[in-house]
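Grab a coffee and open the viewer. Below are some exercises to work through with the coordinates at hand, each with a solution you can check yourself against.

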Amino acid sequence: MLLEILLAVVLGAIIYLMLIKKNEETPAEMGDGWWSKGLKPDSEEDATIRPFKVETSEADINYLHRRLEEVRYTEPLEDSCFHYGFNVTYLKKIVSYWRNQFDWKKQVEVLNKFPQFKTKIEGIDVHFLHVKPSQLGEGQSAKPLLLVHGWPGSVYEFYKIIPLLTDPARHGLNSNLVFEVICPSIPGYGFSEAPHKKGFNSVCAAHVFSKLMLRLGFHEYYIQGGDWGSAICTNLAQIAPSHVKGLHINMPFVNSMGIKEFLSILLGPYFPRLFGFQPEDIRGMFPFKTKILKTLLMESGYFHLQSTKPDTAGCALNDSPVGLAAYILEKFSTWTDISFQHLEDGGLEKKFTLDDLLTNVMIYWVSGCMVSSMRFYKENVGMLFTKNKYAELPVKVPTGIALFPHEVTYFPRSWVEKMHVNIISFNHMPRGGHFAAFEEPELLAADIQQFVEKVEKGNTSK
Amino acid sequence: MWQDILQSVRSYDVPQRNVIVASCALGGGGLLVFWLLTRQRKRTIEMGEGWWGFGEKSSNNEDESIRPFEVKTSEKEIQDLYQRLDLARYTPPLEGAAFHYGFNSNYLQKVVSYWRNQFDWNKQVDILNQYPHFKTTIEGIEIHFIHVKPTHIPSGQTPRPLLMVHGWPGSFYEFYKIIPLLTNPVGSGSSGENLVFEVICPSIPGYGFSEAPHKQGFDMTAAARIFHKLMHRLGFQEYYLQGGDWGSGITTHMAQMLPKSVKGLHLNMVFLSKFSCSDLISLLLGAYVPWLVGLTREDSRRLFPYFKTQVSFTLRESGYMHIQATKPDTAGCGLNNCPVGLAAYILEKFSTWTDKSFPNLDDGGLERKYSLDDLLTNVMIYWVTGSIVTSMRFYKENLSKNPSTTPSGRTAVYVPTGVTAFPDELLHAPPSWVKRKFKNLVTYSYMPRGGHFPAFEEPQLLAQDFKQFIRKVEHL
């Protein structure tokens, strides 16, 4: 009952907040933040871009191995699969692989195959990959593309898709569309420094990234993201529309729900056309109670905890690599396919290799960023209650949306269109879940390309 | 007036009169049927049965012996703890965050430093062992409990058996200060006292030194049944019950299951599973006309402004409950391997649930009401038994179903009940709401101070209220 009251209250709060009239006028240019310790100094910020390499040492590896050996496991309940969370029987297998076969030194070399840099923006060091195409055709120029990851992911999610974007010809994709990829770590994640002050939300991250692109010399660029990356890129399109040629997202958000949306939940299955629902929408959303509400309730415990007590939630995870792996990899199971929770091994190795999964976990482990990554949830949920004028603006830049069938949330086009008023590409993908770039890089790359092609055609025809 | 109505009805023609009579009969009959169906016909809930050991239940009779137990530790255990404390990796808090983002890691480092350098686990183990501990196997799992008999029984008195049940993230240790006030009142300074109790304090299966169930489905009903079996095995047929948090839910189930064994039920936190339209109306009107909707001035003070106090507080504080009720094995994994993280997770509750204003303090106000020795002893119970994951599973087993449709949710409680309402308890349940479920509410007390862990924080107040409840039940 408490959970139902909670849900009713949360829905009520959202209804109340979303129905508040939006301010239509364009707000003033967003000011700079300052995220370092203490007060901002008067001197100019050091804008140098310094090369960076991921490093490791015997000491790091030995420490990790020791922690992996000292684990205290709790036996799972009989026949519980992944219903109670990460199954310890399978976790033991992962830890054994991690201790005995996983080669972190080799993975560090894999990480370093793309050039990486750091630069100080608004007081904190921002880490990013900058990958230029190896070859360009006659008269061809590479289109700058900013890729933004989410939680519990990292820049490593993009390691398979980057070659498809910077060297499409070699991978059987459209050779006319070549990209120069910039892939930052969100401040507080991976090798980017964490903000030291409260209030660093997705709009602030968007502002930092817009400064990064300008510092790199890009005045017009494309942006792509899923999870928090989707929110940050959307915010970037809202605060700097003149710089964003196109926005591509694989997990759309909705920033307001009105009477029409609520009515569509009640009446949508009976009058789909009235509410602009496609057959895929009906399949994806109804029956609403089981497909959306129950799933939301069952899967959002982490969200609830991290949006309220990130420092508590992340404390042990920063200190226990096995706990960290269980927490993160549970998401790579359920958010790839929700039916995987009925499997004893959570279906993890159906779509990912242990090397790839553990490399992502290692990024959180070696950088010790779990707590700061969780704080992003609290800062962003705070926006729901204090209202951010930038986040309320309609998104006017050309937008492309790729909906993957096993994504955790489902928003129909008719809802998404309220905020994204210039959707020029909206595709339902044949397979894949939340970590699209990691799991189905070819599908995602192809969709990005066709979207950019549409934008470029639209521009040249003007 | 009735005469006029009857006259006008009689004046109608027969067919019309028939219609009127028929519809009245139908309406009246319908109401009667409705009333019969909706009133709670059953006054008890089923006891059911269970088996929580490994594999199939063996055909042999269960070993019912009650074996003495002693908490033990070793150098190895302590060294392992110290190593983990020394290697802990902290994330500095945000500027000005106090406890608003969770446990402040600057203060956490102070707590850990005390834990590493001053806290004496050997000494605390001796303190734990000051009361006699036992274990016995029930439904396939070992149940741990302490059994404290009064040191001195006033002449002509028999000590009253009392079962006290803890909650999460507490343990039987929460009762160590209140037990002497109940078993040895004169020795503890209460003069003229003639109420003496024999206290049994079990660990809920999956918590502390009780074995964890190996099968799915171990909920409050199962715990209630096991504790009844425990009391009967100890030779008690009638006893009192006291509890808060899960202890409140479990003892309530016990009262519904076997009311003839429960002489009285005393709760310091009430689970109300039904939230009806009339409650909503009470909430809407209660701020303005509390007397009209059965709320007292004190209720008003504690409930309103409803959204700000109860609802936003609940949303902010229930993240742990949400994750534990859905993914307990994931949530507890890291905690079982990192004593510092475990301490942060548990002690955050001892801060916020003791006083709602404590999150504004850099140290969470923890040492205002508790000593670090006491707080860390409770944490150590979770650490040395490795029971954090199994303790969290209890949330999933109980909260996966809609509490208002379970047998317990649909059944009232008829045993004499006493409720204490502490001002900083998580949720305030006004007496008018409590009475809907607890039909025999003998005492309801608004306490002057205290929060969610009253036995730990305000043992005198709780003991006092408990005794005045007993006196009322026994007409003393």
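What follows is a set of exercises on this predicted model, each with a worked solution.

**Exercise 1. Salt bridge in chain A**

Task: Find the partner of Glu75(A) in a salt bridge, then work out where both residues sit and how exposed they are.

Solution:
- Start with the general idea: side chains of opposite charge can pair when their charged atoms come close.
- Now look around Glu75(A): the salt bridge is with Lys92(A), and the closest N and O atoms are 2.9 Å apart. The cut-off is 4 Å, so the pair counts.
- Next, place the two ends. Glu75(A) belongs to the loop between helix H2 (58-69) and helix H3 (88-100) of chain A, while Lys92(A) is in helix H3 itself, and the two are 17 residues apart.
- Last, check the exposure. Glu75(A) has a relative accessible area of 45%, so it is partly exposed. Lys92(A), at 33%, is partly exposed too.

**Exercise 2. A loop residue in chain B with two stories**

Task: Take Glu139(B) and describe its salt bridge, its exposure and its phi angle.

Solution:
- First the partner: Glu139(B) meets Lys229(B) in a salt bridge, 2.8 Å from N to O.
- Then the location: Glu139(B) lies in the loop between strand S2 (133-138) and strand S3 (141-148) of chain B, and Lys229(B) is in helix H7 (residues 220-233). That puts the two 90 residues apart, so this pair links distant parts of the chain.
- Now the exposure. Buried means under 20% relative accessible area, and Glu139(B) has 3%, so it is buried. Lys229(B) is at 34%, which means it counts as partly exposed.
- Finally the backbone: phi of Glu139(B) is about 50°, positive although the residue is not a glycine.

**Exercise 3. A positive phi in chain A**

Task: Where is Glu122(A), and is it buried or exposed?

Solution:
- Begin with the angle: phi of Glu122(A) is near 50°, a positive value in a residue other than glycine.
- Trace the chain and you'll find Glu122(A) in the loop between strand S2 (116-121) and strand S3 (124-131) of chain A.
- The relative accessible area is 3%, so Glu122(A) is buried.

**Exercise 4. One more pair, then the tally**

Task: Characterise the salt bridge between Lys369(B) and Glu458(B), then find how many salt bridges there are over all chains.

Solution:
- The side chains of Lys369(B) and Glu458(B) come together at 2.7 Å, N to O.
- Lys369(B) is in helix H15 (residues 366-369) of chain B, whereas Glu458(B) sits in the loop between helix H20 (454-457) and helix H21 (459-473), 89 residues apart.
- On exposure, Lys369(B) has 30% relative accessible area and is partly exposed. Glu458(B), with 9%, is buried.
- Count over all chains and you get 42 salt bridges. Back in chain A, a network of salt bridges links Arg50(A), Lys120(A), Asp125(A) and Glu193(A).

**Exercise 5. Surface patches on chain A**

Task: Which residues form the negative surface patch, and which form the nonpolar one?

Solution:
- Negative patch: Asp79(A), Glu344(A), Asp345(A) and Glu349(A).
- Zoom in on Glu344(A), in the loop between helix H13 (321-334) and helix H14 (348-351) of chain A. Its relative accessible area is 61%, so Glu344(A) is exposed.
- Nonpolar patch: Ile259(A), Leu263(A), Leu266(A), Leu267(A), Tyr270(A), Phe271(A) and Leu274(A), together offering about 760 Å² of accessible area.
- One of these, Leu267(A), lies in helix H8 (residues 259-267). Leu267(A) is partly exposed, at 32% relative accessible area.

**Exercise 6. Cores and cis bonds**

Task: Find the residues with the most contacts inside the largest nonpolar core, then locate the cis peptide bonds at Pro287(A) and Pro169(B).

Solution:
- The largest nonpolar core has 269 residues, and Trp151(A), Ile161(A), Trp168(B) and Ile250(B) have the most contacts inside it.
- Apart from that core lies another, of six residues, including Leu283(B), Leu295(B), Phe304(B) and Trp433(B).
- Trp168(B) turns up again in the backbone: a cis peptide bond joins Trp168(B) to Pro169(B), with omega about -5°. Pro169(B) is in the loop between strand S4 (160-165) and helix H6 (178-183) of chain B.
- In chain A, the bond from Phe286(A) to Pro287(A) is cis, with omega near 0°. Pro287(A) sits in the loop between helix H9 (279-285) and helix H10 (288-299).

Notes: Residues numbered from 1 in each chain as written. Chains lettered and ligands numbered in written order. Predicted model: local features only at pLDDT ≥ 70, side-chain atom pairs only at ≥ 80, totals over all residues. Heavy atoms only, no water. Patch = residues over 30% accessible without salt bridge, like charges linked within 9 Å, V, L, I, M, F, W, Y side chains within 5 Å. Areas by Shrake-Rupley, 256 points an atom, 1.4 Å probe, with all protein chains shown as cover. Lys, Arg positive; Asp, Glu negative; His and termini not counted. Charge placed at Lys NZ, Arg CZ, Asp CG, Glu CD. Helix = DSSP H or I, 4+ residues; strand = E, 2+ residues; numbered from the N terminus. Buried < 20%, exposed > 50% of the residue type's maximum accessible area, 1.4 Å probe, protein only. Core = buried A, V, L, I, M, F, W, Y, C linked by side-chain atoms within 4.5 Å.
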